[in-house]
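Let's walk through this model together, one feature at a time. Keep the viewer open as you read.

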Amino acid sequence: MSLTRIAALTFFALLGATPSQAEPTGLGEAVRLSGSPRLAGYVLTDPDLPAPVRAAGEGLLARIGHGDAPTAGEGAFSFSPFLRHDPNLNGGFPEDHVTVGGFRFEIAEEDQAVSSLIAGVTLSYGWRRGLGGGTALELRSGLSLGHALEHDLMKVSVGAEGCLRHRASRELYFHGCLDLAGSRFELGESRRVGARAGVTRLMTGFGGAHELTFEGRVERQLDPTPYERGLLSVSLLSAMPGPVVWSARAEIGQPVDGVLVTRARVTLGATFELMDRPTSLSLDWRQAEGGMFLGTPREDRAVTLSVSRPISDRMRLSVSLSRNASSADPYDRDSIGLGISMKF
């Protein structure tokens, strides 16, 4: 049974209706929009629901590895071509000069940021296996290859993650994950590894279903400047009748001497049906500190407004507007992002 069908059954059960008597909207449709199978399983296993619906919920949880018995591993591969604008695809300096003490110093052309349309493909693979006792092993990996349309420049990024997720009870989950990521571009590369652990609490209230997660993370940057630091975050995903899905996330991170890193970040979002297609809006604010620019401590505050919407069954359009207020003049700027991606 698909997650869409399960969400519809949830709605029917909550209203005491049958599929022939109701449309798949309201809470059930909001759970589907949330994309969280654990939230769907939680709603479907409500003790007040009919036994067949609760059985469907337990079946869903077993298929994603949270059943009592072990399950065979299963994986899925996706292929996603993309076209987007990259304001700095080579990792260069954002201006062609810098002024120090009233003197103008030119930046070599090969060290300047290159802005261009970039076309490429993202290859992703996900695998999951139930280990028994409500514990699932999840593996994910991805490779992104992009080439500038106007320049002979490439951008490559890779990432992988492994997680253990344990269902302690109907409303409580624990997880632990290890991850690594890297990217390579014309003027450099970056590599990092990380580990995180957290707890998720599922609940109902205010007419909706909610997923609240607390998480701690340790990350180690290997390139270009090695460092290690810790981060704490809290996130909330709320599926509400409408249907609409509200999301919120707040994160704080330790400072790093001599390196510009994000110290605080808040993201708010909403996903809803607009002209029969799910549309997502998000507002992201972040504060970064650390490092020096021309002998002065650098601090950035960035705000980004994003809109994402499918324009066909396989194609998605994303648009973003960003404002970065920086104490370093070359980085104090506005930008517009535009991207189109497909998924197979």
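## Cis prolines and the loops that hold them

Pro224 sits in the loop that runs between strand 9 (208–223) and strand 10 (227–240). As this is a predicted model, you may like to look at its backbone angles yourself: the peptide bond from Asp223 to Pro224 is cis, with omega near 0°.

A cis peptide bond also joins Gly242 and Pro243, with an omega of about -5°. Pro243 belongs to the loop between strand 10 and strand 11 (244–253).

## Positive phi values

Two residues other than glycine are worth a look in the loops that come later in the chain. Asp276, which is not a glycine, has a positive phi of about 70°. Its loop lies between strand 12 and strand 13, and Asp276 counts as exposed because its relative accessible area is 76%.

Leu294 is not a glycine either, and its phi is positive, near 55°. This leucine is placed in the loop between strand 13 and strand 14. With a relative accessible area of 48%, Leu294 is partly exposed. A glycine can be added to the tour: Gly35, which follows helix 2, has a positive phi near 75°.

## The chain as a whole

How many helices and strands does the chain have? The secondary structure comes to four helices and 16 strands. Along its principal axes, the C-alpha trace spans about 75 × 40 × 35 Å. Of the 344 residues in the chain, 37% are buried. Among contacts with a separation of 6 or more, 52% are between residues 24 or more positions apart.

The accessible surface of the chain is about 18,400 Å², and carbon and sulfur atoms account for 59% of it. The chain carries 35 positive and 39 negative charges, whose mean positions are 7 Å apart.

## Two covered helices

Helix 2 (residues 26–34) is mostly covered, with eight of its nine residues buried. Among the buried ones are Leu27, Glu29, Ala30, Val31 and Leu33.

What about helix 3 (residues 37–44)? Eight of its eight residues are buried, so helix 3 is largely enclosed by the rest of the structure. The buried residues of helix 3 include Pro37, Arg38, Tyr42 and Leu44.

## Salt bridges across and along the strands

The structure holds 27 salt bridges. In one of them, Asp86 pairs with Lys155, and the closest N and O atoms are 2.9 Å apart. Asp86 lies in strand 1 (residues 74–86) and Lys155 in strand 6 (residues 154–169), so the pair ties together parts that are 69 residues apart in sequence. Asp86 is buried at 8% relative accessibility, while Lys155 is partly exposed at 24%.

Strand 6 takes part in another pairing, in which Arg165 forms a salt bridge with Glu138, the closest N and O atoms being 2.9 Å apart. Since Arg165 is in strand 6 and Glu138 in strand 5 (residues 135–148), the pair ties together parts that are 27 residues apart in sequence. Both Arg165 and Glu138 are buried. Elsewhere, the side chains of Glu251 and Arg249 meet at 3.1 Å, N to O; Glu251 is buried at 19% relative accessible area, and Arg249 is partly exposed at 32%. Salt bridges also link Asp179, Arg192, Arg217, Glu219 and Arg229 in a network.

## A buried alanine in strand 5

Ala136 also belongs to strand 5. Is Ala136 buried or exposed? Its relative accessibility is 0%, so Ala136 counts as buried. Beyond its neighbours within four places in sequence, the contacts of Ala136 include Ile64, His66, Arg129, Cys163, Leu164 and Arg165. The C-alpha atoms of Ala136 and Leu164 are 5.7 Å apart, although 28 residues separate them in sequence.

## A nonpolar patch on the surface

Finally, turn to the outside. Val266, Leu268, Leu283, Trp285, Val303, Leu305, Leu321 and Ile336 make a nonpolar surface patch of about 690 Å². Strand 12 (261–274), strand 13 (277–293) and strand 14 (296–310) each supply at least two of the patch residues. One member to pick out is Val303, found in strand 14. Val303 counts as partly exposed, with 36% relative accessibility.

How values were computed: Residues are numbered from 1 along each chain as its sequence is written. This is a predicted model: local features need pLDDT of at least 70, side-chain atom pairs count only at pLDDT 80 or more; totals for chains, interfaces and linings use all residues. Side-chain values use heavy atoms; hydrogens and water are left out. Buried means under 20% relative accessible area, exposed over 50%, partly exposed in between (1.4 Å probe, protein chains only). Contact means heavy atoms within 4.5 Å. Accessible areas come from the Shrake-Rupley method with a 1.4 Å probe; for residues, only the protein chains shown count as cover. Lys and Arg count as positive and Asp and Glu as negative; His and the chain ends are not counted. The place of a charge is taken as NZ of Lys, CZ of Arg, CG of Asp or CD of Glu. Patches are made of residues with over 30% relative accessible area and no salt bridge: like charges are joined within 9 Å, nonpolar side chains (Val, Leu, Ile, Met, Phe, Trp, Tyr) within 5 Å. A salt bridge is a side-chain nitrogen of Lys or Arg within 4 Å of a carboxyl oxygen of Asp or Glu.
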